[in-house]
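Got your viewer open? Here's a short tour of what to select, stop by stop.

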Protein chains: 4
Amino acid sequence: MDYKKIIYKSFRVTEQLKDRGQLATYIPELARVDPSMFGVHMITMDGKHYGLGDHQQKFSIQSIAKVLSLTLAYHLLGEKIWKRLGVEPSGTKFDSLILLETFEGIPRNPFVNSGALVICDILISELDDAPAEFLNFVRELSGLSTLSYSDHIADSEKATGYRNIAMCNFIKSFGNIDNEPEEVLDFYFDLCSLELNCEQVAKTFGYLANGGCKINDGKRVITKSQAKRLNALMLTCGFYDESGEFAFKVGLPGKSGVGGGIVAVYPNNYSIAVWSPGLNKKGNSYIGMKFLEELTTHSELSIF
Amino acid sequence: MDYKKIIYKSFRVTEQLKDRGQLATYIPELARVDPSMFGVHMITMDGKHYGLGDHQQKFSIQSIAKVLSLTLAYHLLGEKIWKRLGVEPSGTKFDSLILLETFEGIPRNPFVNSGALVICDILISELDDAPAEFLNFVRELSGLSTLSYSDHIADSEKATGYRNIAMCNFIKSFGNIDNEPEEVLDFYFDLCSLELNCEQVAKTFGYLANGGCKINDGKRVITKSQAKRLNALMLTCGFYDESGEFAFKVGLPGKSGVGGGIVAVYPNNYSIAVWSPGLNKKGNSYIGMKFLEELTTHSELSIF
Amino acid sequence: MDYKKIIYKSFRVTEQLKDRGQLATYIPELARVDPSMFGVHMITMDGKHYGLGDHQQKFSIQSIAKVLSLTLAYHLLGEKIWKRLGVEPSGTKFDSLILLETFEGIPRNPFVNSGALVICDILISELDDAPAEFLNFVRELSGLSTLSYSDHIADSEKATGYRNIAMCNFIKSFGNIDNEPEEVLDFYFDLCSLELNCEQVAKTFGYLANGGCKINDGKRVITKSQAKRLNALMLTCGFYDESGEFAFKVGLPGKSGVGGGIVAVYPNNYSIAVWSPGLNKKGNSYIGMKFLEELTTHSELSIF
Amino acid sequence: MDYKKIIYKSFRVTEQLKDRGQLATYIPELARVDPSMFGVHMITMDGKHYGLGDHQQKFSIQSIAKVLSLTLAYHLLGEKIWKRLGVEPSGTKFDSLILLETFEGIPRNPFVNSGALVICDILISELDDAPAEFLNFVRELSGLSTLSYSDHIADSEKATGYRNIAMCNFIKSFGNIDNEPEEVLDFYFDLCSLELNCEQVAKTFGYLANGGCKINDGKRVITKSQAKRLNALMLTCGFYDESGEFAFKVGLPGKSGVGGGIVAVYPNNYSIAVWSPGLNKKGNSYIGMKFLEELTTHSELSIF
C-alpha cells in the first residue's frame, strides 16, 4: 500500500473544500486560531513518517487528551475502573447532563466530559501528584521532555467552564467523585490544555496502533488486550454523537478534540493525526473528518 | 490460526456455565424453547466449517434478520436510505420511543425496532411484493430454496406486539412511514419470524466477512464499501444498549436477536453464528456473548 | 358584580385583536372552520345567561369532552380510577410519549391524550355500550336529547390519528389498556367529535360551578367533593403545558379543546364557554385565552 | 365556620397516625430533628389565632422561603421577571436538571431549585446587599426584628450541596445567571436556613391570604393581582411533583419545605402553617399533608 500517494491525494482533494466549518467560540483562546490551518501526519508501524500542510504547527489537543488519561488510569487500575463508568455510546451531546441523571452519576463512557472527569478523579486518588505524573506520562509517550500544560488555555476554559463545573458537582452529588470538585476540574482543564503538533500527536498515540507498545522503542505502555479495548472504545464513543457516522464513513478508531484535532489508528498499520480548527455541527473538525473519509475510501483500508 | 481448537476450547469453557440467562417471555412462542440449547457454527473464508453443540437446530433469528432487510434496501437504493434514518448508536433500549420523539420520527439507526420498520417501509415502496422478494433474497443467500416465514411465530408476535404497532404509528405520525402501518408491521413480523440453524446463519451472513460477496460461489451481494459500512453499523449498533460492551469485550461486528442467536463476522477471516436462548438483562444471548468473548480472547483476534 | 358589563367590555377589547392565532391543521375538518368566529356565553348560579358574538354557532368541542368522560368514570367507580392514572401536570405536550415511557404506561393525568384513552378503556369495561351510554350522559347534562357524534369529524381524526393509535397501543403494551386498542380509539374519536355551541357548553358544565349539581334542575351529577377535585384537576392540568400560565393569568379551573373552545368555571358563581378557532403555539384558543384574562382582570374575581 | 373545632378534630385524627414518614437525610442538620414533632397554627382574616401541638417550636423553613424571595423580586421588578423563568409545573423532581437542559437554562417555575436560584440572582443584581435587604423584608413580614440566618444550617447545606452548585453553574452556562455562582449559592443557602415556628410562618404569609396586605396592620406588600398570581403559582407548583395531588386532595395554594413545614392560604379566610419533619416519598411533610387533607375535607372549604 503506497500510503504516501494516498495521503497526498486525499490532502489535495480536501484542502480545496471551501467550507471549513466554524471555530469553537466558547473557549476564547480557541476562537483566535487561524481557521485556514490544515495539517496531517502519519506514522506507520515500520517507522515511516508522512507529513503535509501545517503538521508542525502546535494546536490545543483538548479532548484527545482524554484517551491518554484513560490509558494511564486503565494501566494503573485495570478493569476495576469500569465500576465507575460505562463503555456505551451516549447517543447525546458530549456535555449533556440528561443521561447522567438517568444513570445516577455513572457516565456512559470515558470520552463524554463526565466520564473524563471521573477518570481525573481516579487519577487524583491513585497518584501523589496526578497533574505532574500525568504530564510525565505524556512526556514519555511523546518524547517531549519539556512538554507543559498551557496555562493561558486552561485559564481560558476555567473562566467559562460553568457547564463542566456543573457536571463535576452533579456527579459528586451522586457520590461518584471522591475528591473536591475544584481539584478535579483543575486537573481536567490542565489536561485539555496540552498543545502538540500533528507529528507529536501521531507519535504519542502510536501505542494504540502497535498492540500497546510504543512504535519507536517498542516499550510496553498497556497490555495488548487493553489496547484493543481502548480502540473499541474510540470507535464506538470517540466522536460524541457522530461516532456512528465516523465508524460508518471512516471505519477507524479515533478521537477528536474541540481544537480541531483528530487522532486515528489503523491497528498494526499506522497512527495518524489531522488538524484543522473549523468544526462541523457536531463539534468535530470539518476538514479533518472529510480528509479521513477520503483516505480510507482511496486506500480501501479500514478495520471493517 | 487453528480455529478448530479455539472454538472447541471456548465452547467447553462456556457450556459449563450454570447461569444461562432468561428466556424472552413477551413472545409466547419463544418462551417455549428448551433453555439448555447451545450451538455454534463457524465458516472461514477458505470454506472450512466448524460446528459444535446444537448447531443444526433451527431457531427464530428475530432481529438478526434486520441486517438482511437493510442489506436489500441498501443494495436497491444506496446511500439515499440514510435520509430516513441515522447511523448512530441509540444509547437506549431497542424499543424506546423517547429518542424517536426527540428526533421527530427519524430512527437513530436501522437496528433499533423503529429503524427496522422504516427499512420495511422502504422495501414495500420499492418492490412489487416485498415479503416475497425479500424471502427470495434470503433463500439466495442461505441456499435454502424452500425457506418460508414461520406463521406461528409471526402470529404470536402480532398478537402481543402492541409496542411495535405503537412505534410504527408513531413514526407514521411524523411522516416517515409511507405505507399503511398494518402492511409495514405484517412484513416486519414476517421477517423476524425466519427460522434457521447456526450453520445456515453463518452461511447466510458470509458476504459480510467476504467484502460483499457470498463465500461459496463468490457472487456479489453488495459493494465492498457497503459491506464495510454494514459491518461498522453492526459494531456500533448491533447489540442495542450493550453494543459498546460487545465491541469492548468481543471486538467483532455482529447482530443479536431476542431468540438467543448472534451472528458475528471477522472481515476476511470468518463468519460465525452462536445460539443459546437464555438472555442477559440487555436482551442478548447470555451464553452466546460469553462464548464470543472467550473466542476472541483465546484467538487474540479481533478487528482492533 | 355586574357580569353583563364585564363580559361586554372584555369581549369588545378582545375582538379588536388582530392576531387570531392559527387553525389546527392536523385534523382536516378543523382546518376548514372560519377563523374569524368568536363567541362567549356565561351562565350564573342564579340562572342568568349572557351571550355575545357567535355563541350560537356549533363547534367541535374536542378535548373539552375529556372532562365529561372523566366525570362519568369518576361517578361510576370513584377514587379507584386513580390506580390507573395520575393527577399531576405533565410538563410536556399533550401527546408526548416520553413521560408515558418513564412512568411505564401510567398517564400523568386524565387530560393528556393518554389519560383520556385510559378513561375510555375504563368506561368500555364498565358499561355495556360505552359510546351510547356516554352520549346519553351528555344529552342529560346538556338537555340536548338528539345530540349525536359527528361522524365526519370522527372519521377525519381516525384517518390521520396515527399518534393516538401509537399512544393507545403503547399503553396497551404496558398492560394499562384492557380492551382492544381499536375499540378504545373508536370511542375516543367519537367523544372528541361532539359539536356544541357556547351556550350548550356553558350549560353542560354547570355542575362543576354548582358543587356537582346541574344548575337548571339541581340534579346531582357527582358529589361535592368530586366536583371540587375535578376543578382542581382542570386548574392544574386543563391547558396542557400552558396550564400554569392559565392559572397564573386567568385563575379559573377550565379545559380547552383544539377546536378553539374553552370552558371555565368560577365555583359558586358561573360557568362560561368561549370559542374562537385560532390557536396559540400551545394549542389553546388564542382569543379565548385573552378574553378570559380580560374577564378576570376586570372582575378581579378568580379563585385566588 | 368554626375553625377552632375543625382544626382540633383534624389535629387529633392526624396525630394518631403511626407512619410519620422519613427525615430528610441529605442535609445533616435536618437529620437531627425529633421526628415526633407536630405543630399547627392558623391565623384568620379577623385576627384569630388557633395553635396546637409544637406550634411554638422553631424549624428550618427551607423551600418555603422561596415564596418570600419571589415576592420581593416580583414586588421590585414586576412581570419582567418572567423573562427569565416560567410559571409551569415541572412534572419532575424539584432538583432535576433534565428540563433545564431541554429549556436551555430557563427554569420551569420559581419553586424548583433552579428557579429559586434565578430569583436569588435577580435580587443580587437589583439590591445593594441582597442577603441583608431580604432579611429585613422577612423581619418586616414576620414582625421578628432580630431574625437572622442560621449559619449552622446554611453551612450544613453548603458542605453537601453539590447538586445545587451543579444547578447554578449549569444555568450560568446557559447565560441565565448574571452574578458569580458562589455568591448566588451563598444567598440561596442563607434564605433556606431561616428558622421560624408555625405561628411566625402563618403570620409571615398572611399577605397572601389578604389580597397582598399584611393581616395585622393592613400594610400592602404586593398588589392584589400579584398576590393572586403567587397563589396560583403555589397551587400549580408548590409541592414539586406532588402539586397536582395537593390541589386535588387539599385544594389550597401552599408551599412545602424539606424541613417538614407547609404553609397554605385560603384567600380571604386564613393562613395556616403545619410542621412535622417526617417526609413522604415526594419530599413533603407526611403528617402535614394528611392534616391539611383532613382540614379541608371537614371544613368543605377549599378554593374549588
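We'll begin with confidence, move to a helix, and end at a symmetry axis.

Some housekeeping: this is a predicted model, where local features need pLDDT of at least 70, side-chain atom pairs count only at pLDDT 80 or more, and totals for chains, interfaces and linings use all residues. Residues are numbered from 1 along each chain as its sequence is written, while chains are lettered from A and ligands numbered from 1 in the order in which they are written.

**Stop 1: confidence.** Colour chain A by pLDDT (the predictor's confidence in each residue, from 0 to 100): chain A averages 94, with 99% of the residues scoring at least 70. For the complex, the predictor gives an ipTM of 0.93 and a pTM of 0.92.

**Stop 2: a helix in chain B.** Select residues 181-192 of chain B, helix H8. Helices here are DSSP runs (H or I, at least four residues), numbered from the N terminus. Nine of the twelve residues of H8(B) are buried, so the rest of the structure largely encloses it. Buried means that 20 or more other C-beta atoms, placed from the backbone, lie within 10 Å of the residue's own. Show side chains for the buried ones, including B:Phe187, B:Tyr188 and B:Phe189. Next, add helix H2 (65-77) and helix H4 (113-126) of chain B, which are among the helices that the buried residues of H8(B) pack against.

**Stop 3: chains C and D.** A rotation of 180 degrees, with 0.0 Å of shift along its axis, superposes chain D on chain C (RMSD 0.0 Å); the fit is by least squares on the C-alpha atoms of residues with pLDDT of at least 70 in both. That's the relation of a two-fold axis. Finish on D:Gly91: in chain D, its C-alpha is the nearest to the axis, 2.4 Å away.

Conventions:
Helices (H or I, at least four residues) and strands (E, at least two) are DSSP runs, numbered from the N terminus. The expected span of a helix is 1.5 Å times one less than its number of residues. Two residues are in contact if their C-beta atoms, placed from the backbone, lie within 7 Å.
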